Amino acid sequence: MNATKTIEPQKHHCENHEKCMEMIQAVLDGSATEDEMKGFKANMSECLPCIEGHDLQKSIKEALQQKLEKKCCPESTVNKIREKLGIASILLIFAALQVTIFKVILES
Ligand SMILES: [Zn+2]
């Protein structure tokens with residue numbers, strides 16, 4: 001689940017978090033270029049907020065994927081996402097993302 005292995009993140013504050021989040025989303029969507037992928041991987045090894053953001057976005061994506069594939073009850077998926085969001089509540093950007101996800105869940 002955690003792909004950070006033994007690398008210790010050095011940055012505990014991301015000065016460019018919005019950009020980082022965009023990059024993470026592009027990578028997870030598969031729309032990132034090779035250069036973006038490289039920059040993403042380098043950044044991910046040292047930026048703690050980005051590692052957390054990536055894990056969170058990935059688990060949200062997986063939860064949604066699971067819901068679509070297995071058609072599991074939406075409530076447990078929502079709770080799962082809420083749990084994750086609680087852990088990473090410092091990432092305010094996900095408040096907006098959460099709304100989008102809830103919309104997806106409610107509409108699908
Ligand atoms: Zn960052």
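This passage describes the helices, the nonpolar core and selected residues of a predicted model.

The protein chain contains 5 helices and 0 strands. From the N terminus on, its elements are arranged in the order α-α-α-α-α. The chain comprises 108 residues, of which 18% count as buried. Among contacts between residues at least 6 apart in sequence, 65% join residues at least 24 apart.

The largest nonpolar core consists of 9 residues, namely Cys-20, Met-21, Met-23, Ile-24, Val-27, Met-44, Cys-47, Cys-50 and Ile-51. Two elements, helix 1 (17-29) and helix 3 (48-70), each give two or more residues to this core. The largest share, 5 residues, is provided by helix 1. One of the core residues is Ile-24. When residues up to four places away in sequence are not counted, Ile-24 touches Phe-40, Cys-50, Gly-53, His-54 and Gln-57. Of these partners, Cys-50 is itself listed in the core.

Helix 1 was examined further. This element has 13 residues, and the distance from its first C-alpha to its last reaches 18 Å, close to the 18 Å expected at 1.5 Å a residue. The buried residues of helix 1 are Cys-20, Met-21, Met-23, Ile-24 and Val-27. Viewed down the helix axis, the buried residues of helix 1 fall within an arc of 160° and therefore line one face of the helix. On the other side of helix 1, the residues Glu-18, Lys-19 and Asp-29 are exposed. Helix 1 thus presents buried residues, including Met-21 and Val-27, along one face, with exposed residues, among them Glu-18 and Lys-19, on the other side. Just after this helix, Gly-30 takes a positive phi of about 80°.

In helix 3, attention falls on Lys-67. This residue is located within helix 3, an element that also gives two or more residues to the largest nonpolar core. Lys-67 counts as buried because it has 20 C-beta neighbours inside 10 Å, and the criterion for burial is 20 or more such neighbours. Lys-67 and Thr-77 are 10 residues apart along the chain, and their C-alpha atoms are separated by 7.1 Å.

Methods:
Residues are numbered from 1 along each chain as its sequence is written. This is a predicted model: local features need pLDDT of at least 70, side-chain atom pairs count only at pLDDT 80 or more; totals for chains, interfaces and linings use all residues. A nonpolar core is a set of buried Ala, Val, Leu, Ile, Met, Phe, Trp, Tyr and Cys residues joined through C-beta atoms within 7 Å. A residue is buried if 20 or more other C-beta atoms lie within 10 Å of its own, exposed if 12 or fewer, and partly exposed in between; C-beta atoms are placed from the backbone. Helices (H or I, at least four residues) and strands (E, at least two) are DSSP runs, numbered from the N terminus. Two residues are in contact if their C-beta atoms, placed from the backbone, lie within 7 Å. The expected span of a helix is 1.5 Å times one less than its number of residues. The arc is that of the directions from the helix axis to the C-beta atoms.
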